[in-house]
Amino acid sequence: MAILTSDVILRYFDNDTTYGRRINVDFFRNDTLVSTLTADSGWVRERSEEIGVFGNVVVISLEDSATLKTTSLFYNPRKRIIYTNEHCRIERGGEFVEGDRLVSDVQFNNIQMRENIRGRL
């Protein structure tokens, strides 16, 4: 389950996309908060539940203190993956990995970056 809050929400009844500005999303598993997402703006496609967020995107996993930072991020619920073609950085403990073109499961257990990869593990 997720709870989305936003300063501005625009819903157009002639399509199935809802837009928001200054977005905060809290993600729950079994009624426990497991991660948060903040972004400057974004959209949700109601039928497919696909999500796209843009500008100062930060995802924090409260389970393992991993933090993802990027300029855009997308969620595909059918595949249960997050992805971006932009540069991103993931920090966990004293380790980090950064690069371009991220594809990952939502728990950051299977992370793939396709270009300009570097890190400290």
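Search this whole structure for salt bridges and you get nine of them. Keep in mind as you look around that this is a predicted model. A handful of those salt bridges make good signposts, but let's get the fold in view before visiting them.

What you have in front of you is an open sheet of eight strands, in the order 1-2-3-4-5-6-7-8, with antiparallel pairing. At the edges sit strand 1 (2-11) and strand 8 (111-120), each pairing on one side only. Neighbouring strands of this sheet are turned against each other by 20° on average, ignoring direction.

Now back to the salt bridges. Take Asp16 and Arg47, whose closest N and O atoms are 4.0 Å apart. Asp16 lies in the loop between strand 1 and strand 2 (17-29), while Arg47 is in the loop between strand 3 (32-45) and strand 4 (51-61), so this pair ties together parts that are 31 residues apart in sequence. The two partners sit in contrasting surroundings: Asp16 counts as buried, at 15% relative accessibility, whereas Arg47 is exposed, with a relative accessible area of 73%.

Another salt bridge joins the side chains of Glu50 and Arg45, again 4.0 Å from N to O. Here Glu50 is buried, at 18% relative accessible area, and Arg45 counts as partly exposed, at 33%.

Next, move along to strand 6 (residues 81-92) and strand 7 (residues 95-105), which pair in the antiparallel sense over 10 bridges. Within this pairing, Arg89 stands opposite Glu98 in strand 7. What does Glu98 meet in a salt bridge at 2.7 Å, N to O? The partner is the side chain of Arg118. Since Glu98 lies in strand 7 and Arg118 in strand 8, the pair ties together parts that are 20 residues apart in sequence. Glu98 itself is buried, with a relative accessible area of 10%. There's a bit more to this spot: salt bridges that share partners join Arg89, Glu91, Glu98 and Arg118 into one network.

Two other places are worth a stop. One is Asn76, in strand 5 (residues 67-76). Asn76 is buried, with 10% relative accessible area, and a polar atom of the Asn76 side chain lies 3.1 Å from the backbone nitrogen of Lys79.

The other is on the surface, where Leu10, Tyr12 and Tyr19 make a nonpolar patch of about 260 Å². Leu10 lies in strand 1, and with a relative accessible area of 31% it is partly exposed. Patch members need over 30% relative accessible area, so Leu10 qualifies at 31%.

Notes
Residues numbered from 1 in each chain as written. Predicted model: local features only at pLDDT ≥ 70, side-chain atom pairs only at ≥ 80, totals over all residues. Heavy atoms only, no water. Pairing = 2+ DSSP bridges. Helix = DSSP H or I, 4+ residues; strand = E, 2+ residues; numbered from the N terminus. Axes fitted to C-alpha atoms, helices over the stretch in contact; angles between N-to-C directions. Patch = residues over 30% accessible without salt bridge, like charges linked within 9 Å, V, L, I, M, F, W, Y side chains within 5 Å. Areas by Shrake-Rupley, 256 points an atom, 1.4 Å probe, with all protein chains shown as cover. Buried < 20%, exposed > 50% of the residue type's maximum accessible area, 1.4 Å probe, protein only. Polar contact = N/O pair within 3.5 Å; in protein donor to acceptor, adjacent residues only side chain to side chain.
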